[in-house]
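Okay, thanks for coming, everyone. I'd like to walk you through one structure today, so let me put it up on the screen.

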Amino acid sequence: MAEKPDLQWFTPEQNPWGVRLLDVRPVTLTMISTSSDPDCAANALSFGRDDGRSFIGAEPVVKRTVPSSLRYRKPSVLPDGALFKPSVMEHKWALFYLQKQIICVRSWQRKVVAVAETTDAGEFLEVVRIHGVFDEEQEPQEYTARFFDFLIRTHALGLEWPAPLPDEGEDAWRAAMWCFACFGNLATCATPDVLLAGVPEERLHNV
């Protein structure tokens, strides 16, 4: 077995987000995703020309709804379409904006995990409710919102942003492996802390 990479924690004073921060790049940017299930591999690479419409009306497995106050900038008109489509096995999510909903799809299973209801507020798209869960059935509501926000910022907007760890992350190796399983190579750092985040300057757009 290869030696585990050295993973470093940074204090709030040592990073621009002001939180405890784990650098997970030695894992997430070096590992390769593989699957013994040919369906998983086929699913992960099946989104090239997918407009997401086959997912309209699909309900998340876990029937739970949490309120949200997340906001994102957008053009005057944001057409229906894909916000992010996976192109390699290390991409674990597909995101679609369709009929005023953002549909979050686990790429390897082509399974809808969460659906966010939105309203058009001119310059902004406001997320008012999130249906479903991302990690565990009993995950805290604020964690559901953090997970969704991470997906939008990193996948749809192309920003670097700390991945939301579901616990204190005391085992750095386990935390980094969890990040790779959940987010592939789009997680570069992670934190167990809640970030005080403003509205991103970047605008949502179709891909």
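Let's start with the pocket. The largest one has a volume of about 300 Å³. It's lined by 17 residues, and the ones closest to its centre are Leu70, Arg146, Asp149, Leu195 and Ala197. If you ask which elements give two or more residues to that lining, they are β3 and α3, the latter being residues 141-156. The largest share comes from α3, with 5 residues. Before I go on, please keep in mind that this is a predicted model.

Now, a tryptophan that shares some of those names. Trp161 sits in the loop between α3 and β9, which is 163-164. Is Trp161 buried or exposed? Its relative accessibility is 14%, and the cut-off for buried is under 20%, so Trp161 counts as buried. What does Trp161 touch, once we set aside its neighbours within four places in sequence? The contacts are Trp17, Asp149, Phe150, Arg153, Thr154, Cys189, Leu195 and Ala197. Asp149, Leu195 and Ala197 were also among the residues closest to the pocket centre. As for Leu151, it is 10 residues from Trp161 in sequence, and the C-alpha to C-alpha separation is 9.3 Å.

Okay, over to the strands. We've already met β3, which covers residues 65-73; it runs antiparallel to β8, residues 124-132, and 7 bridges join the two. One pairing you can look for on the screen is Arg73 with its bridge partner Phe124 in β8. Strand β8 also pairs with β7, residues 111-121, again in the antiparallel sense, over 8 bridges. There, Ala116 stands opposite Ile130 of β8. The hairpin made by β7 and β8 has 2 residues between the strands, and Gly122 takes a positive phi there, near 70°.

Last stop, a lysine. Lys92 is in the loop between β4, residues 81-84, and β5, residues 93-98. Here's the bit I'd like you to look at: Lys92 is buried, yet it has no salt bridge. Which side chain of opposite charge is nearest to Lys92, and how far away? That's Glu90, at 7.2 Å, whereas a salt bridge has to be within 4 Å. So what is around Lys92? Not counting residues up to four places away in sequence, Lys92 touches Ser33, a run of Val105, Arg106, Ser107 and Trp108, and then Phe180, Ala181, Cys182, Phe183 and Gly184.

That's my tour. Shall we take questions?

Methods: Residues numbered from 1 in each chain as written. Predicted model: local features only at pLDDT ≥ 70, side-chain atom pairs only at ≥ 80, totals over all residues. Heavy atoms only, no water. Helix = DSSP H or I, 4+ residues; strand = E, 2+ residues; numbered from the N terminus. Buried < 20%, exposed > 50% of the residue type's maximum accessible area, 1.4 Å probe, protein only. Lys, Arg positive; Asp, Glu negative; His and termini not counted. Contact = heavy atoms within 4.5 Å. Pairing = 2+ DSSP bridges. 1 Å grid on protein atoms, 1.4 Å probe; cavity = no way out; pocket = protein on both sides within 12 Å on 5 of 7 lines; lining within 4 Å. Points joined across faces, edges and corners; volume = space filled by probe spheres on them.
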